[in-house]
Amino acid sequence: MTVFASSAPVRPARTTRVRRRLVGDLTGWGFAGPATFVVLGLSVFPALWALRISRQKWNGIAPPKPLGWTNYQLMASDPDLFSAVRHTVVLTALFVPLSLLLGLLIAIALNQPIRFAGFYRTCIFVPFVVSAAVTGILATFVFNPQFGIVNAGLRSVGVAPQQFLESPSQVLLVLVLVSLWGSVGFTVVVYLAALQDIPRELTEAALVDGANRRQVFRYVTVPQLRPVTVFTAVWQTITALQLFDIIYTTTRGGPLGASQTVVYYVYYQFRELQRYGYASAVSYGLFAVTMLITLGMVVYARRRGTEAF
Amino acid sequence: MAVDRRVAVRDDAPGPVERATTNPVRRRRLPFSPWHLLLAPMALAFVFPLVQMVLTSFMDDSEINRFPPRFLPRSIDLGSAGGRGQERASGYVGLLTQTPVLHWLLNSTLVATVAVVSHLALCSLAGYGFARLRFHGRQVGFFLLLSTVMIPTQLLLVPTYVLFARLGFVDTLAAAFVPWLASAFGIFLMRQFFLSLPTELEDAARIDGCSTFGVFWRIVLPLARPALATLAIFTLLGSWNDLVWPLVAINDESSYTIQLGLANFQGTRRTQWSLLMSGNVVATMPLILAFLFAQRQFVATMTFSGLKG
């Protein structure tokens with residue numbers, strides 16, 4: 001349109017163009033604006049605000065006192081934070097491999113042409129809709145040291161009753177089992193989708209070439225699953241590092257702080273001690289570490305030739 | 001040569017023939033596929049706590065507090081309101097008469113309804129805007145939205161609470177539904193879906209004089225039903241089961257959601273198991289039934305999100 005514009009009709013052409021652009025922008029933001037405003041307003045904006053709060057001493061009521069990086073320095077000498085980090089590491093180190101292994105195993109089994117596969121799948125997926133609050137009450141009931149069904153099962157095979165969630169040495173392991181119960185459905189779904197995406201020709205070609213079932217699994221299926229494994233591992237690591245709900249609804253960090261994770265510690269500093277600044281600093285610390293771990297996993301996978309993202 | 005090789009392989013192919021002869025032998029040893037040995041106990045482990053939850057909700061407390069535990073209730077006990085003497089509130093009757101559970105359920109229903117309606121409206125509008133419309137700031141806006149998926153919830157606890165306090169949301173239901181009005185996940189989901197649609201229909205409608213919103217409302221949105229269903233389930237599960245935001249911003253019992261109410265039962269009604277289990281059933285059954293009826297849609301949602309975490 002502008003190409004043909006000679007000197008005389010330039011002005012009307014430009015105004016219509018400007019106007020059309022304005023209308024386009026208004027329409028576009030009319031569509032995209034409200035959701036973008038809500039999402040950014042509840043994520044980027046508070047995240048930047050948290051950075052500011054993390055450099056203050058503030059209890060939410062008295063005027064905040066600027067501290068510089070003191071809150072971050074305090075973290076280096078906080079024994080409670082160290083033990084929270086230790087618990088989080090233990091939880092993550094147990095939860096991630098177990099959820100991947102269990103997810104893969106169940107997905108392979110569900111992918112077989114066997115009877116009741118649909119029924120099994122329903123059973124394994126149902127916990128996905130159960131909330132953390134309900135899971136917490138159920139876990140304290142099932143693992144109850146006095147009359148819980150797990151102890152009854154153990155007794156019937158001759159094992160002494162255990163304290164489970166009330167024992168500092170067992171609580172993390174039980175929490176891993178409880179989180180697995182609620183989240184293995186996700187890894188199963190992801191692996192199942194990946195298994196069904198493997199082209200039939202690949203496995204058939206390998207069989208025709210004389211590979212046995214185990215070799216097909218090792219040399220065809222496993223390499224095909226690598227990208228999805230990296231993705232799931234990253235996802236589950238982030239989940240495990242941020243474990244909070246289940247802890248709040250079962251042990252609230254107990255017994256004797258044995259299940260206090262980093263995020264629970266953030267919550268504790270924030271709600272119980274009103275240390276808004278320090279809580280924000282710790283959560284930024286965890287954020288940084290999570291990013292580093294995620295990046296490390298993705299880079300490591302790329303080096304080994306797997307692109308997951 | 002290639003033909004020769006194929007023939008040769010087929011001639012001495014040990015695979016299929018061998019399998020055909022060994023299979024009946026294996027079948028005689030085990031009357032079912034060995035995968036059942038893995039799947040049956042797994043399925044049981046996943047479903048058992050939920051079955052026990054329902055059964056226990058019909059027991060009276062003396063029946064629950066015994067070892068070894070009883071699995072099936074002796075008779076169906078709906079509980080009592082308690083009050084006089086030493087009797088405590090128990091079961092469904094106690095739950096409904098002695099706790100504000102109906103009020104909390106109503107609150108949760110309101111929160112979930114607002115969340116789902118707003119999520120569907122805002123995210124489909126924004127998804128369409130980012131997929132099809134050209135406007136200034138589109139790419140910056142979308143990039144910012146993309147970056148928000150990396151921001152963890154724990155980072156937002158303190159500033160969101162302070163923000164809600166300033167906006168007057170604390171102790172109101174707004175604190176529970178405002179975080180669920182829209183999400184980056186929802187915008188991506190809808191954008192991806194709209195990008196996958198052919199543009200011909202939209203072009204034809206526009207040539208026929210349809211406005212941009214008319215194209216979106218009359219042509220595109222009716223085609224988006226599967227994506228909208230996925231998004232609705234995601235939002236329903238997330239907002240109904242959410243614990244973190246109500247926990248942080250609601251202290252007033254009359255604004256509790258059902259999840260917050262259940263989580264706080266752990267402090268006040270710790271050992272009233274029949275009442276706790278009735279509460280669990282009431283909070284979970286709607287979702288379990290929805291899951292059983294629309295399993296395919298739920299699984300599609302699971303694939304898209306790690307939701308629980």
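Analyst: Welcome! One term first: a helix here is a DSSP run of H or I with at least four residues, and helices are numbered from the N terminus. The model is predicted.

User: Thanks! With that in hand, where is A:P255 found?

Analyst: A:P255 sits in the loop between helix 11 (245-250) and helix 12 (262-272) of chain A. The peptide bond leading into A:P255 from A:G254 is cis, and its omega is near -10°.

User: What makes A:R252 worth a look?

Analyst: Phi of A:R252 is near 50°, which is a positive value in a residue other than glycine. Most residues other than glycine have a negative phi, and most peptide bonds are trans. A:R252 is placed in the loop between helix 11 and helix 12 of chain A.

User: Why is A:R252 called partly exposed?

Analyst: A buried residue needs 20 or more other C-beta atoms within 10 Å, while an exposed one has 12 or fewer. A:R252 has 17 C-beta neighbours inside 10 Å, so A:R252 counts as partly exposed.

User: And which class does A:F116 fall into, buried, exposed or partly exposed?

Analyst: The count for A:F116 is 15 C-beta neighbours inside 10 Å, so A:F116 counts as partly exposed. This residue lies in the loop between helix 4 (79-110) and helix 5 (117-125) of chain A. Its phi is near 65°, a positive value in a residue other than glycine.

User: How do you know that helix 12 of chain A is largely enclosed by the rest of the structure?

Analyst: Eight of its 11 residues are buried, so helix 12 of chain A is largely enclosed. The buried residues are A:V262, A:V263, A:Y264, A:Y265, A:V266, A:Y267, A:Q269 and A:F270. They pack against helix 4, helix 11 and helix 13 (276-303) of chain A, together with helix 8 of chain B. Just after helix 12 of chain A, A:Q274 takes a positive phi of about 55°.

User: Helix 8 of chain B also meets helix 2 of chain A. At what angle do these two pack?

Analyst: Helix 2 (residues 44-53) of chain A and helix 8 (residues 153-167) of chain B pack at an angle of about 95°, and their axes are 8 Å apart. Angles of 65 to 115 degrees count as roughly perpendicular, so helix 2 of chain A is roughly perpendicular to helix 8 of chain B. Helix 2 of chain A brings A:P46, A:A47, A:W49, A:A50 and A:I53 to the contact, and helix 8 of chain B brings B:L155, B:L156, B:V158, B:P159, B:T160 and B:L163.

User: What classes of residue make up that contact?

Analyst: The contact of helix 2 of chain A with helix 8 of chain B has 10 nonpolar residues, one polar and no charged ones.

User: How is chain A divided into domains?

Analyst: Chain A is divided into domain 1 (2-66) and domain 2 (70-303). The centres of the two domains of chain A, taken over C-alpha atoms, are 39 Å apart.

User: How many residues bring the two domains of chain A into contact?

Analyst: In chain A, 10 residues of domain 1 are in contact with eight residues of domain 2. Helix 2 of chain A gives the largest share of the domain 1 side, three residues. By class, that side of domain 1 of chain A has four nonpolar, four polar and two charged residues.

User: How many residues does each chain give to the contact between chain A and chain B?

Analyst: Chain A and chain B give 79 residues each. On the chain B side, helix 3 (residues 35-57) gives the most, with 12 residues. The chain B side divides into 52 nonpolar, 23 polar and four charged residues.

User: What makes up the largest nonpolar core?

Analyst: A nonpolar core is a set of buried residues of listed nonpolar types, joined through C-beta atoms within 7 Å. The largest such core has 171 residues, and those with the most contacts inside it include A:V266 and B:C123. Helix 8 (residues 171-197) of chain A gives the most to this core, with 16 residues. Both domain 1 and domain 2 of chain A supply at least three residues to this core.

User: Which residues does B:C123 touch, leaving out those up to four places away in sequence?

Analyst: B:C123 touches A:A35, B:A182, B:S183, B:G186, B:I187, B:M190 and B:L231.

User: Finally, how many helices and strands are in chain B?

Analyst: Chain B has 17 helices and zero strands. Of its 309 residues, 43% count as buried.

Definitions and conventions. Residues are numbered from 1 along each chain as its sequence is written. Chains are lettered from A and ligands numbered from 1 in the order in which they are written. This is a predicted model: local features need pLDDT of at least 70, side-chain atom pairs count only at pLDDT 80 or more; totals for chains, interfaces and linings use all residues. Axes are lines fitted to C-alpha atoms, for helices over the stretch in contact, and angles run from 0 to 180 degrees between N-to-C directions. Angles under 35 degrees count as roughly parallel, over 145 as roughly antiparallel, 65 to 115 as roughly perpendicular and the rest as oblique. Two residues are in contact if their C-beta atoms, placed from the backbone, lie within 7 Å. Ala, Val, Leu, Ile, Met, Phe, Trp, Tyr, Cys and Pro count as nonpolar, Asp, Glu, Lys and Arg as charged, and the others, Gly among them, as polar. Domain bounds come from an automatic or database domain assignment.
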